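The following briefing is intended for reading alongside the sequence and the model. Please examine both before turning to the points below.

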Amino acid sequence: MASRRVPKVTSKEGESQCKEKHAVLLSPVGKLEISGCETGLHEIKLPKMSVLPNGAEASAGCEVCEGAEEMTEPLKQCTAWLRAYFCEPARTEQLPVPPFHHPLLQRDSFTRQVLWTLLRDVKFGEAISYQKLADLAGNSRAARAVGGAMRSNPIPIIIPCHRVIRSSGQTGNYGGGNLMKEWLLSHEKLQKEKLAY
């Protein structure tokens, strides 16, 4: 299996404001709003799920339904990565992760360290406890701070905060709602089992 490429985080300090572009993707979990500039991906906004998708909804692809004509290269990379995640998860390892251009991922902080560690070390179909992620990020006493980092993650799914669970095995909270977290974990488990056969 190819090693995961960690995207570069670029900074535009001293330059003018980004020309942010937006797109909406229709995915199995609802409409995902993505935004970014020529430099990198800014954010993925998740919808709140009130029911788990099933049948045709769950097997739906991930297609751009708004903003396709103005997509920057990082938004195109994000779309390709998310499409693979939902439809052909084995391909995510070969695809480049789009560059990120969000202030939180540019300044040196424990939150940034936690998010990079999560992206780099917790693979598709795996889960990790807040405590274990704190250990991996270099501060074994910072499990609560890891929770805060998960809440402030601007790029969910790609930076897989849904894979962080409580030590008890309970899923814990999630920005997209607990139903979405359960669905994403279940999707990954099912796809990983399929790949094992």
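In helix α6, the residues Met180, Lys181, Trp183, Leu184, Leu185, His187, Glu188 and Gln191 are buried. The structure is a predicted model, with an average pLDDT of 86 for the protein. The points below take up confidence, helix α6 and its polar contacts, the N-terminal strands, and the cysteines.

**Confidence of the model**

- A pLDDT of at least 70 is reached by 86% of the residues.
- Residues 1-6 have a pLDDT under 50, and the model gives this stretch 14 contacts beyond four places in sequence.
- For residues 10-16 the pLDDT is likewise below 50; this stretch has 9 contacts beyond near neighbours in sequence.

**Helix α6**

- Helix α6 covers residues 178-196, which makes 19 residues.
- The end C-alpha atoms of α6 lie 27 Å apart, in agreement with the 27 Å that the helix should span at 1.5 Å a residue.
- An α-helix has 3.6 residues a turn, so residues three or four places apart point the same way.
- Among the buried residues of α6 are Lys181, Leu184, Leu185 and Glu188, and these four are also among the residues that histidine 162 touches.

**Glutamate 188 and its partners**

- Glutamate 188 is located in helix α6 and counts as buried because its relative accessibility is 1%, under the 20% cut-off.
- Which side chains make polar contacts with that of glutamate 188? One is the side chain of histidine 162, at 2.6 Å, and another is the side chain of arginine 163, at 2.8 Å.
- Leaving aside residues up to four places away in sequence, glutamate 188 touches Tyr85, Phe124, Gly125, Glu126, His162 and Arg163.
- Histidine 162 belongs to the loop between α5 (143-151) and β6 (164-165).
- Although placed in a loop, histidine 162 is buried, with a relative accessible area of 0%.
- Beyond four places in sequence, the residues touched by histidine 162 are Tyr85, Ile157, Tyr174, Lys181, Leu184, Leu185 and Glu188. Tyr85 is therefore listed for histidine 162 and for glutamate 188.

**Strands β1, β2 and β3**

- Leucine 25 lies in strand β1, residues 21-27, and is buried at a relative accessible area of 0%.
- Leucine 25 is separated from glutamate 63 by 38 residues in sequence, yet their C-alpha atoms are 5.3 Å apart.
- The residues that leucine 25 touches, beyond four places in sequence, include Gly30, Leu32, Ile34, Cys62, Glu63 and Val64.
- Strand β2 (residues 30-36) and strand β3 (residues 41-45) run antiparallel and are joined by 4 bridges.
- The hairpin between β2 and β3 passes through 4 residues.
- Isoleucine 34, one of the residues touched by leucine 25, stands opposite isoleucine 44 in β3.

**Cysteines**

- How many disulfides does the structure hold? The number is 0.
- Cysteine 18 is in no disulfide, and the nearest cysteine sulfur, that of cysteine 37, is 3.7 Å away.
- Cysteine 18 is partly exposed, with a relative accessible area of 23%.
- For cysteine 62, the closest cysteine sulfur is that of cysteine 87; the distance of 6.9 Å is too far for a bond, because a disulfide requires sulfur atoms within 2.5 Å.
- Cysteine 62 counts as buried, at 0% relative accessibility, and is one of the residues in contact with leucine 25.

Methods: Residues are numbered from 1 along each chain as its sequence is written. This is a predicted model: local features need pLDDT of at least 70, side-chain atom pairs count only at pLDDT 80 or more; totals for chains, interfaces and linings use all residues. Side-chain values use heavy atoms; hydrogens and water are left out. pLDDT is the predictor's confidence in each residue, from 0 to 100. Contact means heavy atoms within 4.5 Å. Helices (H or I, at least four residues) and strands (E, at least two) are DSSP runs, numbered from the N terminus. Buried means under 20% relative accessible area, exposed over 50%, partly exposed in between (1.4 Å probe, protein chains only). The expected span of a helix is 1.5 Å times one less than its number of residues. Two strands pair if DSSP finds at least two bridges between them. A polar contact is a pair of N or O atoms within 3.5 Å; within protein, one must be able to donate a hydrogen and the other to accept it, and residues adjacent in sequence count only if both atoms are side-chain atoms.
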